[in-house]
Amino acid sequence: MSALLAVLFAFPAVVMYHRVDTVVPGDRVSQRLTISPLQFARELRSIRRLGLHTIGIAELARDVALQQSPARAILLTFDDGYSDQFQYAFPILERFGDQATFFVNVATIGTPRHMTWE
């Protein structure tokens, strides 16, 4: 059991986001999935204040392959490929020097409120 616990605690926390937007959506579900760019920046500052750093999937995969634990790491993910992720979240990540993994649903590319191929 202790070996299993060691493996479970060796992996970084994963924080999943959906929307980072300046517009507050009208429906309840979208409201729960959306934070403001200001709130997102605050959360990145909090991550730093806690002594954590963000990593990407490639770094996590490398550490797993080498059987290393990513020290003080957190993995940020974005789901669904909303256009506000690129418009607001990506520049904030760049400004802070942080990483995130974006899971883009290719079936929704080019549809309203989603990323385009460009």
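These are my notebook entries on charges and aromatic rings in this structure, which is a predicted model.

**Entry 1: salt bridges**

I began with the charged side chains and got a count of 4 salt bridges. I went through some of them one by one.

Arginine 19 caught my eye early. This residue forms a salt bridge with aspartate 21, with 3.1 Å between the closest N and O atoms. Arginine 19 also meets aspartate 84 in a salt bridge, at 2.5 Å from N to O. I looked up where these two partners sit: aspartate 84 is in helix α5 (residues 83-96) and arginine 19 in strand β2 (residues 19-20), so the pair links distant parts of the chain, 65 residues apart. Taken together, Arg19, Asp21 and Asp84 are linked in a network of salt bridges.

Is this network buried or exposed? Arginine 19 and aspartate 21 are both buried. For arginine 19 I noted a relative accessible area of 8%. Aspartate 84 has 2% relative accessibility, so I put it down as buried too.

Next came arginine 62 and aspartate 63, a salt bridge with the closest N and O atoms 3.0 Å apart. Here the partners have unlike surroundings: arginine 62 is partly exposed at 44%, whereas aspartate 63 is buried at 4%.

**Entry 2: a positive patch**

I then turned to the surface, where Arg42, Arg45, Arg49 and Arg95 form a positive patch. Which element gives the largest share of it? That is helix α3 (residues 37-49), with 3 residues. I checked arginine 42, which lies in helix α3. Its relative accessibility is 43%, so arginine 42 counts as partly exposed.

**Entry 3: aromatic rings**

My search of the whole structure turned up 5 aromatic pairs. One of them joins tyrosine 17 and phenylalanine 40, edge-to-face, with 5.1 Å from centre to centre and 85° between the planes. Because tyrosine 17 lies in strand β1 (residues 13-17) and phenylalanine 40 in helix α3, this pair ties together parts that are 23 residues apart in sequence. Tyrosine 17 is buried at 7%, and phenylalanine 40 is buried at 0%.

How are the rings of phenylalanine 78 and phenylalanine 102 arranged? Their centres are 4.7 Å apart and their planes are at 10°, so I logged the pair as stacked. Phenylalanine 78 belongs to strand β5 (residues 73-79) and phenylalanine 102 to strand β6 (residues 101-103), so parts 24 residues apart in sequence are tied together. Phenylalanine 78 is buried at 0%, while phenylalanine 102 is partly exposed at 26%.

To close the page, I noted that ring pairs link Tyr17, Phe40, Phe78 and Phe102 into a cluster.

Notes: Residues are numbered from 1 along each chain as its sequence is written. This is a predicted model: local features need pLDDT of at least 70, side-chain atom pairs count only at pLDDT 80 or more; totals for chains, interfaces and linings use all residues. Side-chain values use heavy atoms; hydrogens and water are left out. Patches are made of residues with over 30% relative accessible area and no salt bridge: like charges are joined within 9 Å, nonpolar side chains (Val, Leu, Ile, Met, Phe, Trp, Tyr) within 5 Å. Accessible areas come from the Shrake-Rupley method with a 1.4 Å probe; for residues, only the protein chains shown count as cover. Lys and Arg count as positive and Asp and Glu as negative; His and the chain ends are not counted. The place of a charge is taken as NZ of Lys, CZ of Arg, CG of Asp or CD of Glu. Helices (H or I, at least four residues) and strands (E, at least two) are DSSP runs, numbered from the N terminus. Buried means under 20% relative accessible area, exposed over 50%, partly exposed in between (1.4 Å probe, protein chains only). Rings of Phe, Tyr and Trp (its six-membered ring) pair if their centres lie within 6.5 Å; planes under 30 degrees apart count as stacked, over 60 as edge-to-face and the rest as tilted.
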